[in-house]
Amino acid sequence: MRVLVLGADGYLGWPTALHLSHRGHEVGAVDNFVRRQYDYELGTSSLVPIAQLQRRVKVWEDISGLRVQPFIGDLNDAEFVYDTVREFKPDAIIHFAEQRSAPYSMIDRAHAVYTQVNNVVGNLNLLFAIAEIDPSIHLVKLGTMGEYGTPNIDIEEGFIEITHRGRTDVLPFPKQPGSYYHLSKVHDSHNIMFACRIWGLRSTDLNQGIVYGQETDETVLHPDLATRFDYDGVFGTVLNRFCVQAVAGHPLTVYGAGGQTRGMLNIRDTLACVEIAVNNPAEEGEYRVFNQFTESFSVKELADKVVEASNGPVRVTNLDNPRVEKEEHYYRAAHTKLLDLGLVPNLLDRSTVASILSVVERHRDRIDVDAIAPSANWRSAGNDDRLHSEAGSVRS
Ligand code: NAD
Ligand code: USQ
């Protein structure tokens, strides 16, 4: 199949591009490198050094004899999107290319507006390009489990059967997202569902949980094939952050009570799930939702796992929660559709945590302890003066 990976320079996009290339697909790799720009803006960098996309592509070709075709450009540039889809002629498009940090979207007005414009407009440009150029292209879109929030009922996979005043229908599951970033994914989901309904597009919305890990079968083949590893207070995700904190001798930063429970998955399972979605396309006009995670854990449980897997003593601290979120709540979410299609999960055991800790150990000299503290606070609307100073690179 011809598969266009959008966001192919990112944490998940790059290993996915390699994996699909390895599996015999013709892969195109789209990115505008804005993730690297956020690092310049925030003064942070990936724990594991990452090569430039052109170098990555060359090393992969040298090692495997397989060519990944790069396309450098911004999804907010409609002409670029149309030209790329016309030139590459994909059977499937995997869309990872969005601003994905909840804290980044909550810094202030400029960052919230940037996140929603970047994500919603990029996705809309893509929907129009698919509809006008080739409506048979299967759009595999990365959404998030955070679209649902944490309701006091079981979470279904995208839709729920509701009986109301004697009448019954199957309707989109209610959305209660917890940040302007998570909200952007809700807007995307509505736009995609609408496009499937009016133009007959086919799409799979992958409501993914929090990903952990850094190594995949392909990225370990050469240091210049490595993917990024974020641990800072804005882009780092919880388990990867805790592993860096443990190695750095920093107390594990549990926000609030730590009962926040989330669906999680190994980065290797991200690749497997996306491949399953590509190999089993949605029908014409079908908008389907898969909940893409393998297990749920509370933040407290994750901290305990890192403490257990660490060699030396590790302290855990409960910080004042910078976010507005429930800290103790019911959580049970369905996630059977990918399993039914053949997913065999890599579950989170002590050896998985130990393997992440060993990646961190290898790069411990690159840890910047000052980058660990959370910097965005949900309760503050921010200060737009920043627009003209530190956040000068944000377009809005
Ligand atoms: P990432 O930031 O590492 O990668 C995203 C890539 O997209 C970056 O390389 C960035 O430069 C590119 N990009 C962003 N906007 C673009 C635009 N307008 N045009 C072209 N390229 C653009 O993020 P990631 O962790 O790899 O996440 C990928 C996707 O998966 C995101 O959509 C994210 O919301 C989703 N997701 C991630 C996680 C996770 O734990 N990392 C969990 C659930 C869902
Ligand atoms: N948390 C801590 N301590 C930390 C970091 C986080 O207690 O040091 C807590 C947060 O308060 C939150 C939970 O851990 O309750 C998860 O936070 P996170 O930063 O790991 O994940 P989140 O902000 O939800 O975002 C990440 C990705 C995003 C993706 C989402 C999937 O950055 O792109 O969409 O996970 S989900 O959570 O299912 O929505």
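Colleague: Which backbone does an oxygen atom of ligand 2 meet at 2.9 Å?

Modeller: The partner is a polar backbone atom of tyrosine 255, which lies 2.9 Å from an oxygen atom of ligand 2, a polar contact being a pair of N or O atoms within 3.5 Å, where within protein one atom must be able to donate a hydrogen and the other to accept it, and residues adjacent in sequence count only if both atoms are side-chain atoms. The protein covers 95% of the 740 Å² of accessible area that ligand 2 has on its own, with accessible areas taken from the Shrake-Rupley method with a 1.4 Å probe, and with only the protein chains shown counting as cover for residues.

Colleague: And before I go on, what sort of model is this?

Modeller: This is a predicted model, in which local features need pLDDT of at least 70 and side-chain atom pairs count only at pLDDT 80 or more, while totals for chains, interfaces and linings use all residues. Residues are numbered from 1 along each chain as its sequence is written, chains are lettered from A and ligands numbered from 1 in the order in which they are written, and side-chain values use heavy atoms, with hydrogens and water left out.

Colleague: Okay, back to ligand 2: how many residues surround it?

Modeller: There are 23 residues around ligand 2, the closest being Thr144, Tyr181, Val238, Thr253 and Glu325, where a residue is near a molecule or strand if one of its heavy atoms lies within 4 Å of it. An oxygen atom of ligand 2 is 2.8 Å from a polar backbone atom of glycine 146, and an oxygen atom of ligand 2 is 3.0 Å from an N or O atom in the side chain of histidine 182.

Colleague: Which elements each supply at least two residues of that shell around ligand 2?

Modeller: Those are α7, α8 (238–248) and β10 (252–255), with helices (H or I, at least four residues) and strands (E, at least two) being DSSP runs numbered from the N terminus.

Colleague: Now ligand 1, what are its closest residues?

Modeller: Ligand 1 is surrounded by 28 residues, of which Asp31, Arg100, Asn118, Tyr181 and Lys185 are the closest. At least two residues of the shell around ligand 1 come from each of α2 (34–42), β5 (138–144), α7 (180–199) and β9 (210–212).

Colleague: Which atoms of ligand 1 have a backbone or side-chain atom as partner?

Modeller: An oxygen atom of ligand 1 lies 2.7 Å from a polar side-chain atom of lysine 185, an oxygen atom of the ligand is 3.2 Å from a polar backbone atom of phenylalanine 96, and a nitrogen atom of ligand 1 is 3.4 Å from a backbone N or O atom of alanine 97. Of the 830 Å² of accessible area that ligand 1 has on its own, the protein covers 98%.

Colleague: Switching topic, how many salt bridges does a search of the whole structure find?

Modeller: The search finds 21 salt bridges, each being a side-chain nitrogen of Lys or Arg within 4 Å of a carboxyl oxygen of Asp or Glu. One of them joins the side chains of aspartate 9 and arginine 56 at 3.0 Å, N to O. The pair links distant parts of the chain, with aspartate 9 in the loop between β1 (2–6) and α1 (13–22) and arginine 56 in helix α3, 47 residues apart.

Colleague: Are aspartate 9 and arginine 56 buried or exposed?

Modeller: Both aspartate 9 and arginine 56 are buried, buried meaning under 20% relative accessible area, exposed over 50% and partly exposed in between (1.4 Å probe, protein chains only).

Colleague: What about glutamate 215 and arginine 362, where do they lie?

Modeller: The side chains of glutamate 215 and arginine 362 meet in a salt bridge of 2.7 Å, N to O. Glutamate 215 lies in the loop between β9 and α8 and arginine 362 in helix α12 (residues 350–362), so the pair ties together parts that are 147 residues apart in sequence. Glutamate 215 counts as partly exposed because its relative accessible area is 26%.

Colleague: Which residues are joined into one network?

Modeller: I would start from arginine 228 and aspartate 230, whose side chains meet in a salt bridge of 2.8 Å, N to O. Arginine 228 is buried, with a relative accessible area of 2%, and aspartate 230 is buried as well, with 5%. Salt bridges that share partners join Arg35, Asp39, Arg100, Arg228 and Asp230 into one network.
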